[in-house]
Amino acid sequence: MMKKLKFVRYLPTRIKLMKQMKSIAKAEGATAFMGPLFEKSKQTPLKKLKSGTNKIVVKTVHFGFQPMIMEKDVRVPVRDGVCLLVNVFRPEKEGRYPVVLSADVYGKDPFFYPGQTSTTPALSGIGGVSTSMYTPFESPDPGFWVPNDYVLVKMAMRGTSDSDGDIAPFFSDVEAQDYADVINWAGTQPWSNGNVGTNGVSYLAVTQWQVAQLNAKHHKAMIPWEGFNDMYRDLVTHGGIPESLLVQFWSKIVTMKWPDKACEDVNAVLRAHPLYDEYWESKAAVLSKIKVPMLVGASWSTQGLHCRGSLEGFKQSSSELKWLYIHGRKEWEHYYQRENLERQKRFFDYFLKERKDNGWIDTPRVMVDVRERFFDGHFRYENEWPIARTQYTPLYLDAETSSLNISPVVKESKASYNSKNKSAEKNGQARFNITFDTETELTGHMKLKLWVATDGSDDMDLFIGIRKFDKHGKEVCFPGLNHREGGPVTIGWLRVSHRELDLNRSTPYQPW
């Protein structure tokens with residue numbers, strides 16, 4: 001016998017219960033946490049923003065829906081009469097708060113792609129980047145900082161986002177002076193406690209190295225997260241080899257975004273200045289002038305762009321209070337992870353909120369990611385960089401056996417290959433192998449010295465890679481440059497005609 005099932009919807013009861021929970025949450029001040037349970041969306045759409053003061057609600061990653069004040073398109077005059085535009089995000093409540101500031105040429109407003117949880121452009125391999133919709137590219141997220149009682153200021157460099165003037169030469173004195181002027185402006189506003197910290201990734205880190213040389217009055221702390229400070233060595237050439245892809249792509253992005261503004265043609269400049277000269281020197285930060293307290297974010301995975309500059313910035317700066325955090329993960333993904341946001345916040349709380357009791361000052365100065373394989377390793381604290389107890393160990397190349405050896409090689413031999421063949425199977429490279437019989441850690445600098453010759457040319461480019469294999473002979477890969485999956489341990493470049501050493505700056509473990 002078939003029984004007819006009766007479905008009962010306890011809708012009135014459910015609605016009553018939800019109203020009671022919402023009432024309790026409101027009374028307890030927990031609306032930010034409970035909000036998502038009751039509202040489909042309370043977020044203020046970007047298209048509703050107007051120039052001037054906006055009361056908005058932001059759907060944050062960590063704190064639910066959060067009300068805040070956004071002042072859009074605020075005009076800030078700088079020393080030569082030019083006005084730069086900024087966006088200001090601040091708590092809804094009255095008070096004076098520390099300021100987190102960032103600056104670049106990409107624009108002060110977010111790129112947003114419908115359907116994404118992030119404002120990061122849809123590039124393959126970047127990892128899981130999750131921010132509020134109001135976060136500009138590579139910038140601090142107002143959805144994290146404002147709920148933690150900070151004012152977030154996003155600055156548009158001259159010539160971008162309707163700021164006056166043409167786009168200044170990249171990483172120039174003009175950019176640095178503009179940044180310093182806006183830092184000091186932010187430090188004197190009625191919502192500011194006078195303490196300004198700079199923060200941001202890549203271009204936003206490079207501009208920090210530039211402005212920090214000026215030691216602006218209200219610049220009290222900085223977080224340059226993966227950014228170079230020597231444009232010639234770290235971007236446009238690597239070991240004297242002109243970079244042929246990223247520079248062109250990056251330049252096109254800037255010129256396409258601001259087509260009506262004059263903009264420096266980096267490729268044309270490189271053709272006019274192929275060697276390191278006064279022009280490139282003007283774009284290299286004088287790191288020894290920097291006295292601002294800093295938390296430097298560096299990564300093993302951005303060799304060839306940000307790794308070297310981050311480490312040199314930490315080593316060469318004159319800041320007495322500085323910390324170095326080195327990871328081996330993906331750049332944007334790791335910057336926005338909650339553990340690193342909390343690390344940034346503790347640092348800023350100490351220097352910008354003057355919370356001397358939060359224990360930050362006792363944090364060891366260096367934290368290093370010792371990697372085993374792709375996204376697998378452990379973090380360890382150190383007291384200095386490079387690590388003082390490092391044992392620099394020479395290995396000797398034997399071309400006859402294609403090996404690396406602990407003992408010097410007595411017999412002379414040579415390895416040759418056809419550089420037009422790109423695969424190892426077709427003899428397109430020379431390999432030298434070593435198998436370690438004890439547990440060995442490689443953390444820090446390494447160098448390679450070769451004697452080389454070429455047929456049919458008066459110069460040559462060397463591309464060197466260090467690769468790791470497990471006991472089964474299978475390659476162990478790591479995150480690589482430009483978010484590449486399956487990268488090597490480390491890479492290096494040299495155009496042989498650029499091999500002359502600066503003997504004053506070179507060390508036994510790091511050629512310059």
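This note goes through some features of a predicted model, point by point.

1. The sheet. Eleven strands make up an open sheet: this sheet of 11 strands follows the order 1-2-3-5-4-6-7-10-11-12-13, and its pairing is mixed. Strand 1 (52-59) and strand 13 (376-382) are at the edges; each has a single partner strand, so one side of each has no neighbour in the sheet. Direction ignored, neighbouring strands of this sheet are turned against each other by 20 degrees on average.

2. The edge at strand 1. Here the partner is strand 2 (residues 65-77), and the two strands pair in the antiparallel sense over 8 bridges. One of the bridged pairs is Lys59 with Phe65 in strand 2. Strand 1 and strand 2 form a hairpin, with 5 residues between them. In the turn, Gly64 has a positive phi of about 70 degrees.

3. The edge at strand 13. Strand 12 (residues 366-373) and strand 13 run antiparallel and are joined by 7 bridges. Val366 has Glu382 of strand 13 standing opposite. The loop between strand 12 and strand 13 holds Phe375. This residue is not a glycine, yet Phe375 has a positive phi, near 55 degrees. Phe375 counts as partly exposed because its relative accessibility is 33%, and the band for that class runs between 20% and 50%.

4. A second positive phi outside glycine. Which residue in the loop between strand 4 (97-104) and helix 3 (142-145) should be checked? The residue is Glu138, which lies in that loop and has a positive phi of about 65 degrees although it is not a glycine. Most residues other than glycine have a negative phi. Glu138 counts as buried because its relative accessibility is 5%, and buried means under 20%.

5. A cis peptide bond. The bond from Trp385 to Pro386 is cis, and its omega is near -5 degrees. Most peptide bonds are trans. Pro386 is found in the loop between strand 13 and strand 14 (396-398).

6. Helix 4. This helix covers residues 173-186, which is 14 residues. From its first C-alpha to its last, helix 4 reaches 20 Å, close to the 20 Å expected at 1.5 Å a residue. Which residues of helix 4 are buried? They are Glu175, Ala176, Asp178, Tyr179, Ala180, Val182, Ile183, Trp185 and Ala186. The charged residues Glu and Asp are thus represented in this buried set by Glu175 and Asp178.

7. Cavities. How many cavities of 30 Å³ or more are there? The count comes to 2. The second largest cavity has a volume of about 30 Å³. Its lining consists of Val61, His62, Ser130, Thr131, Asp141, Phe144, Tyr336 and Leu341. By class, the residues of this lining divide into 4 nonpolar, 3 polar and 1 charged. Tyr counts as nonpolar, so Tyr336 of the lining belongs with the nonpolar residues.

8. Pro511. This residue is found in the segment after strand 21 (490-495). Pro511 is partly exposed, with a relative accessible area of 43%. Pro511 and Glu500 are 11 residues apart in sequence, and their C-alpha atoms are 9.5 Å apart in space.

Definitions and conventions: Residues are numbered from 1 along each chain as its sequence is written. This is a predicted model: local features need pLDDT of at least 70, side-chain atom pairs count only at pLDDT 80 or more; totals for chains, interfaces and linings use all residues. Side-chain values use heavy atoms; hydrogens and water are left out. Helices (H or I, at least four residues) and strands (E, at least two) are DSSP runs, numbered from the N terminus. The expected span of a helix is 1.5 Å times one less than its number of residues. Buried means under 20% relative accessible area, exposed over 50%, partly exposed in between (1.4 Å probe, protein chains only). On a 1 Å grid over the protein atoms alone, a cavity is a set of points where a 1.4 Å probe fits but cannot get out, and a pocket is an open set with protein on both sides within 12 Å along at least five of seven lines; lining residues have an atom within 4 Å of a point. Grid points are joined across faces, edges and corners, and a volume is the space filled by probe spheres set on the points. Two strands pair if DSSP finds at least two bridges between them. Axes are lines fitted to C-alpha atoms, for helices over the stretch in contact, and angles run from 0 to 180 degrees between N-to-C directions.
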